[in-house]
Amino acid sequence: MGAIILVGTQWGDEGKGKATDLLADDVDYVVRYQGGNNAGHTIIVGDVTLKLHLVPSGVMYDSVTPVIGDGVVLDPGVLLTELDELVEKGLDVSDLKISGNAHLIMPYHRELDAVTERYLGRQRLGTTKRGIGPTYADKAARVGLRVQDLYDMKIFRQKLDAVLKEKNAVLSRVYNRLPMKGADIETEYAVYAERLRPYIADTVTLLHDALERGKTILLEGAQGTLLDLDHGTYPFVTSSNPVAGGALTGAGLGPKDVDQVIGVTKAYVTRVGTGPFPTELHGAEGDRLIDLGGEFGVTTGRRRRVGWFDAVLARYAARVNGLTEHFLTKLDVLGDFDTVKLCRAYRYQGDEYDHFPPHQSIFHHAEPVYEEHPGWRTDLSQVTRYADLPKQAQAYVDRLEELSGVPIRWVSVGPARVQTLDRE
């Protein structure tokens, strides 16, 4: 047994929570490896619906140990609130493990995130204003505070005072905001430290020991491939690496530890916030797809932008992540359309691109080259075997598989766990 990486292949919101939930029966650890509370996973098990932002999806199962890895940025107040809510729902969260190397989101990170977005105006990036980007920036600048710093308040205060000199200067002189007081922050985070203490662990050693004992680890990414800092639609990206390579650095594992890389892919495409989107639908057709798919962000509640399936992005995600199989979600949403389209390539200034364009200007102005396929006009939510899907729906799935170059193992026809068809 080894590690399984689960990644989003689009701009996030592909349904990774459901995929994690389905796989949880066969794994021992579920590890969140990057991002912060700018992401959200929805899990529906029976009558229970959970909307998680920081806690790994495996928290629902007594047999699974949930782990927050080194690559995550952690807002302690948000995490503790989420844990309290889970306890109120009757869940046991005592097995949660948090890496001491995870970086802390501080109050000045949230403030800088918000004022910077306002300052950018029409050039804003569309962040969630949770302080994620500024925290990762401090991590790269080597002035960040980590979870382990909470347990030596002398070190915590020294680091805090040093960084506050620069942050307060920026807040007051550039953005005309009041400076923050180190003593107030220290008091707040000292309370967090005591509540978090039982969960702190050496997660890298924990995971390697688990692999040596033959345990299975699921590495659960947030966001998606096209939001990756290095491989996404920069600058309209997140500040971490959601791709499969980021799973290794964020959890502390090596390539030889990985057995599978599963890409979660919607049967159409969505994105939240600003940035290019070649297959985006506008008007009544886009509104219809939003309503049918319930396309509103788990974390922000923002209305998502929607578009037809983009095989260029699918092929790109397959290459960047080294996908071994796909988990296709929300096929049922397309059941209300007479015809469905998919983009097989882009066209720009007379040239056709089968793969992701090498320059952002091409991507910004690319026109999708569509294929049109007959719809199935059938409610798929009660289908329990892949062979019982309408032939038109099966043909659509086959074509997505052919164009992406990666086998589609699972097909989701509804939000519940039982509404998943295994093609094997």
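1. Q349 is exposed, with a relative accessible area of 69%. This residue sits in the loop that runs between β16 (339-348) and β17 (351-353). The phi angle of Q349 is near 50 degrees, which is a positive value in a residue other than glycine. The model discussed here is a predicted one.

2. R377 is another residue to check for its backbone. Phi of R377 is near 45 degrees, again positive in a residue other than glycine. The loop between β18 (367-374) and α12 holds R377. With a relative accessibility of 49%, R377 counts as partly exposed, because the exposed class begins over 50%.

3. A further backbone point concerns a peptide bond. Y234 and P235 are joined by a cis peptide bond, with omega about 5 degrees. P235 belongs to the loop between β10 and α8 (244-251). As background to these three points, most residues other than glycine have a negative phi, and most peptide bonds are trans.

4. R399 lies in helix α12, which spans residues 391-404. Is R399 buried or exposed? R399 counts as buried, since its relative accessibility is 19% and the cut-off for buried is under 20%. Leaving aside residues up to four places away in sequence, R399 touches L342, E371 and H373.

5. The strands to look at next form an open sheet. Ten strands make up this sheet, and their pairing is mixed. Read across, the order is β9-β7-β5-β2-β10-β1-β11-β15-β19-β20. Which strands stand at the edges? They are β9 (200-201) and β20 (420-422); each has a single partner strand, so one side of each is left without a neighbour in the sheet.

6. Helix α1, residues 16-23, packs on this sheet. The strands touched by α1 are β1 (3-8), β2 (29-32), β10 (217-220), β11, β15, β19 (408-412) and β20. The direction of α1 makes about 160 degrees with that of β1.

7. Two of the strands touched by α1 are β11 and β15, and their pairing can be followed in detail. Strand β11 covers residues 258-266 and strand β15 covers residues 325-329. The two pair in the parallel sense, over five bridges. Which residue of β15 is the bridge partner of G263? That partner is H326.

Key. Residues are numbered from 1 along each chain as its sequence is written. This is a predicted model: local features need pLDDT of at least 70, side-chain atom pairs count only at pLDDT 80 or more; totals for chains, interfaces and linings use all residues. Side-chain values use heavy atoms; hydrogens and water are left out. Two strands pair if DSSP finds at least two bridges between them. Helices (H or I, at least four residues) and strands (E, at least two) are DSSP runs, numbered from the N terminus. Contact means heavy atoms within 4.5 Å. Axes are lines fitted to C-alpha atoms, for helices over the stretch in contact, and angles run from 0 to 180 degrees between N-to-C directions. Buried means under 20% relative accessible area, exposed over 50%, partly exposed in between (1.4 Å probe, protein chains only).
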